[in-house]
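Visitor: Could you take me through one part of this structure slowly? I'd like a close look at the salt bridges, and at how buried or exposed their partners are.

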Amino acid sequence: MENKQDILKQLSSNDMDIVRGAIEQIKHEGDISIVPELLDILLQSQDTNIITNLTALLSDVKESDFKTVLMDKLINAPEGSGKANLLRICWESAIDFSEYLDVFVDMLLHEDFIAALEASTVIENLHGNIPEEKIHIAIQRLKSESNEDNAFLLEGTIPHLEEMLLKEEEDEEEHHHDHGHDCSCHCHD
């Protein structure tokens, strides 16, 4: 990849053709060593075009260590609208962030309005296997720690988590094993 600093300067440019060119170059070369710097730009940028383009670019990243890098930036980021930009990547990407349910609950309850809104959208888009106990704790926290500033954000979030619980219970009920004395077969009721 050409000089990383040149790419970062291009991404920070107000000329959208330059920004698009830099993004296309990153996509074409597939080099994600620049990802932490791109996440930093998202945390600091107020430029809607740059935010939109970088969010779209980073939502497409499939490398396994991307999730760890993104969550590290998100957890350690200062409060502010930049967190909302990173949270948007979490729900726009196809990556499973289910293991971070408690982090998103914290953000929904304690971040500024825009980041809290994005955190609630992340929770409503979680699709992986989350331990039942973790979901119960999340629901309990959301119900007990909500306030008038974030109460309406929970209108979709709590029902989604309750649906996840019901789905897990239904899946368990459907999966019965019948083992007789002769265990040579594996039967499902």
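Guide: Here is a walk through the salt bridges, with a short stop at a pair of helices at the end. Keep in mind that this is a predicted model.

The structure holds seven salt bridges, and we'll go through some of them. Let's start with Glu99 and Lys67, whose side chains meet with N and O 2.8 Å apart. Along the chain these two sit 32 residues apart: Glu99 is in the loop between helix H6 (81-92) and helix H7 (101-110), while Lys67 belongs to helix H5 (residues 66-76). So how buried or exposed is each partner? Glu99 counts as partly exposed, because its relative accessibility is 47%. Lys67, on the other hand, has a relative accessible area of 17%, so it is buried, the cut-off for that being under 20%.

Next, have a look at Glu111 and Lys83. Their side chains form a salt bridge too, with an N to O distance of 3.0 Å. This pair also ties together distant parts of the chain, 28 residues apart, with Glu111 in the loop between H7 and helix H8 (113-125) and Lys83 in helix H6. Glu111 has 15% relative accessibility, so it counts as buried. Lys83 comes in at 5%, so it counts as buried as well.

Helix H6 turns up again in the next bridge, through Arg88, and its partner Glu118 lies in helix H8, 30 residues away along the chain. The closest N and O atoms of Glu118 and Arg88 are 2.8 Å apart. Glu118 is buried, because its relative accessible area is just 9%.

Salt bridges can also join up beyond a pair, and here you can see that with Asp106, Arg141 and Glu145, which are linked in a network.

Now for the stop I promised, where the contact is made by another kind of residue. Helix H3 (residues 35-44) packs against helix H4 (residues 48-59) at an angle of about 145°, and their axes are 10 Å apart. The crossing of H3 past H4 is left-handed. On the H3 side you'll find Val35, Leu38, Leu39, Ile41 and Leu42, and they meet Ile50, Ile51, Leu54, Thr55, Leu57 and Leu58 of H4. Sort the residues of that contact by type and you get 10 nonpolar, one polar and no charged.

Notes
Residues are numbered from 1 along each chain as its sequence is written. This is a predicted model: local features need pLDDT of at least 70, side-chain atom pairs count only at pLDDT 80 or more; totals for chains, interfaces and linings use all residues. Side-chain values use heavy atoms; hydrogens and water are left out. Axes are lines fitted to C-alpha atoms, for helices over the stretch in contact, and angles run from 0 to 180 degrees between N-to-C directions. Helices (H or I, at least four residues) and strands (E, at least two) are DSSP runs, numbered from the N terminus. A crossing is left-handed if the near helix is turned anticlockwise from the far one by less than a right angle, and right-handed if clockwise. Contact means heavy atoms within 4.5 Å. Ala, Val, Leu, Ile, Met, Phe, Trp, Tyr, Cys and Pro count as nonpolar, Asp, Glu, Lys and Arg as charged, and the others, Gly among them, as polar. A salt bridge is a side-chain nitrogen of Lys or Arg within 4 Å of a carboxyl oxygen of Asp or Glu. Buried means under 20% relative accessible area, exposed over 50%, partly exposed in between (1.4 Å probe, protein chains only).
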